[in-house]
Amino acid sequence: MSDYNFREIEPKWQNYWAENGSFKAEDNSDKQKYYVLDMFPYPSGAGLHVGHPLGYIASDIVSRYKRMKGFNVLHPMGFDAFGLPAEQYAVQTGQHPAVTTEKNIAKYKEQLKGMGFSFDWSREVETCDPHYYHWTQWIFLRLFDSWYDRDSNMARPIPELIDHFEIKGLHNINPFVEKEVQPFGPEEWKAYSANEKESLLQNFRLAFRSETTVNWCPDLGTVLANEEVKDGFSERGGFPVIKKKMWQWSLRITAYADRLLQGLDTIDWPEPVKEMQRNWIGKSFGAEIDFSITGHSDKSLKIFTTRPDTIFGATFMVMAPEHELVRSIVSEDHENELDKYLNEVEKKSERDRISGTGKVTGVFLGVNAVNPFTKVEIPIYVSDYVLVGYGTGAIMAVPGHDERDHAFARHFGLKIRQVVEGPDVQEEANDAKDAKIINSEFISGLLPKDAIQSICEKVEELGIGKATINYRLRDAVFGRQRYWGEPFPIYFKEGIPIPLEDSDLPLILPEIDEFKPTQEGDPPLGRAEDWLFDRNYNYELSTMPGWAGSSWYWFRYMDPHNDQAFADRDKTDYWGQVDLYIGGAEHSTGHLLYCRFWTKFLKDLGLISVDEPMKKLVNQGMIQGRSNFIFRDNKAKKLVSKNLTKDFNTVKLHVDIQYVKNDYLDIESFKKAYEEYDDYEFVLEDGKYVCSWEVEKMSKSKFNVVNPDDIIERYGADTLRLYEMFLGPITDAKPWDTHGIDGVFRFLRKFWNLFHYKDNFAVKEEPASEEENKILHKTLKKVEEDIERLSFNTAISAFMICTNELGKIDSSKRSVLEPLVIALSPFAPHIASELWQKLGHDSDLNFEPFPKFNSEFLSEDNFEYPVMVNGKLRTKIAFPLDAKAENVQKAVLENEIIKKWLDGNSPKKVIFVPKKIINLVI
């Protein structure tokens, strides 16, 4: 039989595709466009493991299929190349992050090309390339030079706002601001100093500096986003994170909150991702109400509540630890207790505080507020369950009808008052949303909707508040105190941030001697010698966060070599939205939110024509690792086989899976790798050491990483591609198990052998039989439908069934095999291209039309009935679809197999269900 030599075939076709530019997309083609994109990877030093290519394989199948369906396909790849790991490595070793990153990218590209992906490498981008981050800086300057107009519901240039101030001041205009700005007239504006004007403009700019409470990681020397902190520690490295106030750059994403919410209804994204974004944005309707503070006539405590109708049940107040009034109202005898508490809170992340895990904590400030409706004094506390970033950073606590308020009240022995109809609230809160209000004077007996309206009207009448809308979404902190990132195109003149001219871009990262913060505590860029604008003015020393370059990269793929614009408008109009985007759900409230924000902003500036970046998003599931474990005796130098551990006192330890096969430890290779176990006794079962196993996240720390290079060396890239898709639905998590890969490899060899007899290519030119046509067209229909719905595992199953069926009848006809080669090529492009050439073609298979199925061969004349005796399957018999019941019964009773099971008895009943079953009851 002819040998399927993938080690020769696969490099051959990879070189052919590269040399011929097979996958270069045309701009502005007459063909209908289709843009397929993967979330571009961060190039880590470890390279790819088998979990990484899952989404790339899926997107590649779609890309190849769409080319065959006549689309002009854009399927690019690049690298999200700025990142903390390379900088941490630089701190440890002194090697420049650019050197590390370049080396890692080379490794990634080698691996990706070895898998036969149809990427258009001519459009490759790297976010750390100055030619790329030139335009990231350029977009930042547009953000800095824009404000948000509520009336037109879009961003507009800052010079327009300044012109308005010159003529009318802050009147007859409706800009988005988060903190109230006192109105001023044109004469006041003109009288302001340059510093005062810029300080005022910072309230309106979409990119701005402010003193912000941030997640500060001293060990990493940088600010971290909320999603980069877990349980009070950095996600990268596990270092402690504290809350700290710093001057920091931020982007005013909050101006786009409503548009970000509304846009979710227009895109085909997974509902869990959309729901996460809705919750992250957190739109809520309610009221702001001012509570007076006893002993502080010049101050009031403003709260936001979605349930102002429960105000008669407010029995205490709680402020966020970071609230600006905390230190100014605390009584002298409570200051020490407050200081201790604030130090503890600094160690907690916002995520931990939101989750509500842990014990109830808080401190009394020694001061009271006055409930404006009951006129009762109520104590003011500080607690970490209130966040400064949500609402006003203070709440009226209604313990009878909120779980966390209830737990707090029980812990501190505070009064609990019931104001909503329902069960008693002394032991458990009743948070009913539709029960009548009680014990609340003029709103008693009303349902919440009417009670809320009544209270809001009263609040406005009394001048102590107003009905309002609140969002949980906060402005995005946009600065990092590290080296390896985009420099801000900003310098400072007398403390005022001044943007560079476009002609001065890109501002390139300077060389520095070390990658640590300076001794004075400045970011690493503070080490740069003579890094000044115009030899006189200091540049901003922070750099942009890792998500800056990933917030617009898909547009750059449309026009990657343009040195005059971030992308040509004709090209962005042609390619429009990404049609299919594949990546992880872990980016739901990070990258996937920021990219939507930047798209809407660029649309406002008239630079693009789309309002959403990606039409359809698919979150690929995670390929999990299959870990192996050994058992070490705690009392003696023994390693005990799994099923014998009950007789020993053992501890379970991870073992590198490369020393395990089918859960049996290769003791000799293990001892060579783990010298510390060289003198250990191995307690064996039947002469073998059996390891236990678990399914876990694939990780170096768990020694369960499978390198795709090893799989390709042993089985080939086509086998890897097929196997990863065959593991299960693209969106599901599934464990990697190398045991199953042999079956996929055998399938490819079986498919290859359909074309060969002994060592010769043996495809016949005879017409296909009806049976062969039925097998072919059933498969083509199934495969096309499955690709369209991204059900790749079932498509591969259909190919396997087809190959087995054709093998059974020794089918080797061109009219059958040639369409199958084309249909298989999106999944296994190397073997398909080789067979296409063997079939006598010199054309590029990638652009052959995808074969159409013929529905005439899909209709069945017969149906194969399962025949049961007393409910148990005994045989199958085929009958014409229009067969009459009496004829079917007669034939069944004459069947030799059925006669055997009847054993001379006549059935009491014959059940015949057309196109379903036949059952004989005896």
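Two strands are said to pair if DSSP finds at least two bridges between them. Strands (E, at least two residues) and helices (H or I, at least four) are DSSP runs, numbered from the N terminus. The structure on display is a predicted model, in which local features need pLDDT of at least 70 and side-chain atom pairs count only at pLDDT 80 or more, while totals for chains, interfaces and linings use all residues. Residues are numbered from 1 along each chain as its sequence is written, and side-chain values use heavy atoms, with hydrogens and water left out.

**First stop: strand β9**

Select residues 207-217 and 242-251. These are strands β5 and β9, which pair in the antiparallel sense over 10 bridges. Within this pairing, V214 has K244 of β9 as its bridge partner. Next, add residues 476-477, which form strand β17; 2 bridges join β17 to β9, and the two run antiparallel. There, A476 of β17 stands opposite L251.

**Second stop: an open parallel sheet**

Proceed to the open sheet of 4 strands, whose order is β2-β1-β22-β23 with parallel pairing. Its edge strands, β2 (72-74) and β23 (617-619), each pair on one side only. Neighbouring strands of the sheet are turned by 15° against each other on average, direction ignored; axes here are lines fitted to C-alpha atoms, for helices over the stretch in contact, and angles run from 0 to 180 degrees between N-to-C directions. Select β22 (residues 580-583) to see the 3 bridges that join it in parallel to β23. One residue to label is Y581, whose bridge partner in β23 is L617. Helix α2 lies across β1 (33-38), β2 and β22, and runs at about 170° to β1.

**Third stop: the nonpolar cores**

A nonpolar core is a set of buried Ala, Val, Leu, Ile, Met, Phe, Trp, Tyr and Cys residues joined through side-chain atoms within 4.5 Å. Buried means under 20% relative accessible area, exposed over 50%, and partly exposed in between (1.4 Å probe, protein chains only). The largest core has 173 residues, and F140, F478, W736 and F827 have the most contacts inside it. Helix α5 (residues 130-144) supplies the largest share of this core, 9 residues. A second, separate core of 40 residues includes I311, A314, A369 and V419.

Now centre on W736. Leaving aside neighbours within four places in sequence, W736 is in contact (heavy atoms within 4.5 Å) with residues including V50, I623, M698, L720 and I741.

**Fourth stop: helix α26**

Select residues 829-838, helix α26, where 8 of the 10 residues are buried. Among them are H830, A832, L835 and W836. The elements covering the buried residues include α1 (6-20), α2 (53-68), α22 (741-753) and α25 (814-824). The axis of α21 comes within 7 Å of that of α26, and the two cross at roughly 125°. This makes α21 oblique to α26, a term for angles outside the ranges under 35 degrees (roughly parallel), over 145 (roughly antiparallel) and 65 to 115 (roughly perpendicular). A717, D718 and R721 of α21 meet P829, H830 and I831 of α26. Just after α26, G840 takes a positive phi of about 100°.

**Last stop: D663**

Is D663, in the loop between β27 (660-661) and β28 (664-665), buried or exposed? D663 is buried, with a relative accessible area of 14%. Its side chain makes a polar contact with the side chain of N628 (3.0 Å). A polar contact is a pair of N or O atoms within 3.5 Å; within protein, one must be able to donate a hydrogen and the other to accept it, and residues adjacent in sequence count only if both atoms are side-chain atoms.
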